Amino acid sequence: MQHTDEVLQIRNLQKSYGSTVVLKDLSLTIRKGEVIVLVGPSGCGKSTLLRCINGLEPIQSGEILLDGQPMPREKAQWSQVRQKVGMVFQSYDLFPHMKVIDNVLLGPRKVQRRSRTESEKAAEALLERVGLLHKKNSYPRELSGGEKQRVAMVRALIMEPEIMLFDEVTAALDPEMVREVLDVMLTLAKGGMTMLIVTHEMAFARAISDRVIFMDGGEIVEENSPHAFFSHPNTLRARQFLNVFQFNEERGFQP
């Protein structure tokens, strides 16, 4: 699949916590409709990168451009950007006192000032798309983990973002609930959604990605097609990572 329109450009990104450098001069370009999967050992900077893209973490140097425009450095300016850059986290962060439909409608009603009628129609269409329309009047406590995560996806999607960021969205789920969440992401990918995904689900990464980015120590160590990366990675570090991962999977646990 050919992608020509650059949606997101990351140039020489540097992120530190005190004296600890978390992202080291990192550069990456994502094109419209492309699905990029970030893999690598825990603590290598994958989730931090997503949080920098969405303005949840300040950066020390470098720049991030969305549609060719630099991302703002001031917190007050991020509200508009986050409408274009949706993010789904490992934790669902649904408001427990609000029904599913009201959790979903909060963004379009309060932030985008869309009408109740138009917003609810869009919300119901998205809930139906992820198989949860029958749960629209339920409270989060009445949902399974997989259902909560799908509601969190709908809450991000209803803002009509240009790119979606997914940060280990299946990590807190029971194994039987993982599939239902991954199926929604596969459907989004087939529909042309631009996506940047952090995951430890290697079979899923291979199936969904246009490119695999392997990170270690805050740097991009290898960038490759899914077939090449999982069949014959170019770098010794990537081979070590995949060997450890395969060893652990065979014994029923993941790093």
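In what order do the strands of the open sheet of six strands lie, and with what pairing? In this predicted model, the six strands follow the order 6-7-8-3-9-10, and their pairing is mixed. The edges of this open sheet are formed by strand 6 (85-88) and strand 10 (219-224), each of which pairs on one side only, and the twist from one strand to the next averages 20°. Within the sheet, strand 3 (residues 35-39) pairs with strand 8 (residues 194-198) in the parallel sense, over four bridges, and V37 has I197 in strand 8 as its bridge partner. Helix 5 (residues 145-157) packs on this sheet, where it touches strand 6 and strand 7 (163-167), and the direction of helix 5 makes about 170° with that of strand 6. Helix 6 (residues 175-190) lies across strand 3, strand 7 and strand 8, and runs at about 145° to strand 8.

A further open sheet comprises four strands in the order 2-1-4-5, with antiparallel pairing; strand 2 (20-31) and strand 5 (69-70) are its edge strands, each pairing on one side only. Strand 5 is joined to strand 4 (residues 61-66) in the antiparallel sense over two bridges, and Q69 in strand 5 stands opposite L66. Helix 1 (residues 46-53) lies across strand 1 (6-17), strand 2 and strand 4, with a direction at about 115° to strand 1.

Contacts between helices are illustrated by helix 3 (residues 100-111) and helix 4 (residues 116-129), which pack at an angle of about 125° with their axes 10 Å apart. Because angles between 115 and 145 degrees fall outside the roughly perpendicular and roughly antiparallel ranges, helix 3 is classed as oblique to helix 4, and helix 3 passes helix 4 in a right-handed crossing. On the side of helix 3, the contact involves V100, I101, D102, V104, L105, P108 and R109, which meet R116, S119, E120, A123, E124 and L127 in helix 4. The residues of this contact divide into seven nonpolar, one polar and five charged.

At the level of the whole chain, nine helices and 10 strands are found. The C-alpha atoms fill a box of roughly 55 × 45 × 40 Å, taken along the principal axes. The radius of gyration of the chain is 18 Å, which agrees with the value near 18 Å that a compact globule of 255 residues would have.

Methods: Residues numbered from 1 in each chain as written. Predicted model: local features only at pLDDT ≥ 70, side-chain atom pairs only at ≥ 80, totals over all residues. Heavy atoms only, no water. Pairing = 2+ DSSP bridges. Contact = heavy atoms within 4.5 Å. Axes fitted to C-alpha atoms, helices over the stretch in contact; angles between N-to-C directions. Parallel < 35°, antiparallel > 145°, perpendicular 65-115°, else oblique. Left-handed = near helix turned anticlockwise from the far one by under 90°. Nonpolar A, V, L, I, M, F, W, Y, C, P; charged D, E, K, R; others polar. Rg over C-alpha atoms; globule rule 2.2 N^0.38 Å.
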